[in-house]
Amino acid sequence: FNWMATSLQEVDEQKRRLDQERRDLIAWASHDLRTPVTALRAMLEAMLDGVVSDPETMQRYLHNMELETTNLTQLIDNLFELAQLDAGHIRLAYEKASLRDLISDTLGSMSARAQQQGITLRGAVDPNVDLVYIAPDKIQRVLSNLLDNALRYTLPGGKVGLKATLEGDNVK
């Protein structure tokens, strides 16, 4: 009886945590979707109201609007994938892949942005970490999201690093 009561309490606590995580996810999604929409609206209004009329600024605004649209698309894709994951409909394609290459590629793709922001990027992979049985596309997305967030919240002059180490049979 005591075991059953404890188990029910654990299940109830887990349910509360999941409900809180869902609320947090909705709040995060609302915030992250609002940011590019607000930027798009401001640039469009400036162009439509004639506040911005010189060709150079118009071109810059159009370029920025394209970037914000790409951001929105990525956010929506992430939300869709999270919904599939939550429903158990996502299929992971596991294979042996080089974590060293994934980390190197991710750092390389973010290096220009980091340099513009005055942030130093570093990567380190334990020599014992070779091929890892993973879903490379998903791990690539995780690494990109981690670096994107780190670059978004790191002040100029800061350092951001990705590190992979072997701990027992696991890569951390």
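This is a tour of one predicted protein chain, to be followed in a viewer.

**Whole chain**

Begin with the whole chain in cartoon view. Four helices and six strands make up its secondary structure. Followed along the sequence, these elements come in the order α-α-β-α-β-β-α-β-β-β.

Turn the model to see its extent. The C-alpha atoms fill a box of roughly 75 × 45 × 30 Å along the principal axes. The radius of gyration is 21 Å, whereas a compact globule of 172 residues would have one near 16 Å.

Now switch on the surface. The accessible surface is about 12700 Å², and carbon and sulfur atoms account for 55% of that area. Of the 172 residues, 24% count as buried. Colouring by charge picks out 19 positive and 25 negative charges, whose mean positions lie 4 Å apart.

One further property of the chain concerns its contacts. Among contacts between residues at least 6 apart in sequence, 79% join residues at least 24 apart.

**Strands β1 and β3**

Select residues 95-98, which form strand β1. Add residues 131-134, which form strand β3. The two strands pair in the antiparallel sense, over four bridges. To find one place where they meet, pick Ser98, which stands opposite Leu131 in β3.

Keep β3 selected and show its side chains. Which residues are on the covered face of this strand, and which on the uncovered one? Val132 and Ile134 are on the covered face, while Leu131 and Tyr133 are on the uncovered face.

**Helix α3: Thr106 and Leu107**

Next select residues 99-116, the run of helix α3, and pick Thr106 within it. Is Thr106 buried or exposed? Thr106 has a relative accessible area of 0%, so it is buried. Show what surrounds this residue: apart from its neighbours within four places in sequence, Thr106 is in contact with Gln140, Leu143, Ser144 and Leu147.

Move to Leu107, also a residue of helix α3. Leu107 counts as buried because its relative accessible area is 13%, and the cut-off for buried is under 20%. Beyond its neighbours within four places in sequence, Leu107 is in contact with Leu121, Arg122, Gly123, Leu147 and Leu162. Leu147 therefore appears in the contact list of Thr106 and again in that of Leu107.

For a distance across the model, pick the C-alpha atoms of Leu107 and Thr38. They are 69 residues apart along the chain and 29 Å apart in space.

**Strand β6: Val171**

Go on to residues 170-171, which are strand β6, and select Val171. With a relative accessible area of 33%, Val171 is partly exposed. Which residues does Val171 touch, not counting those up to four places away in sequence? They are Leu99, Val129, Val132, Ala164, Thr165 and Leu166. One of them, Val132, was met earlier on the covered face of β3.

Draw a line from the C-alpha atom of Val171 to that of Glu45. These residues are 126 apart along the chain, and the line spans 49 Å.

**Helix α2: Thr70**

Finish at residues 55-87, helix α2, where Thr70 lies. Thr70 is partly exposed, with a relative accessible area of 40%. Its C-alpha atom is 15 Å from that of Arg141, a residue 71 places away along the chain.

How values were computed
Residues are numbered from 1 along each chain as its sequence is written. This is a predicted model: local features need pLDDT of at least 70, side-chain atom pairs count only at pLDDT 80 or more; totals for chains, interfaces and linings use all residues. Side-chain values use heavy atoms; hydrogens and water are left out. Buried means under 20% relative accessible area, exposed over 50%, partly exposed in between (1.4 Å probe, protein chains only). Two strands pair if DSSP finds at least two bridges between them. The radius of gyration is taken over C-alpha atoms; the globule rule is 2.2 Å times the number of residues to the power 0.38. Contact means heavy atoms within 4.5 Å. Accessible areas come from the Shrake-Rupley method with a 1.4 Å probe; for residues, only the protein chains shown count as cover. Lys and Arg count as positive and Asp and Glu as negative; His and the chain ends are not counted. The place of a charge is taken as NZ of Lys, CZ of Arg, CG of Asp or CD of Glu.
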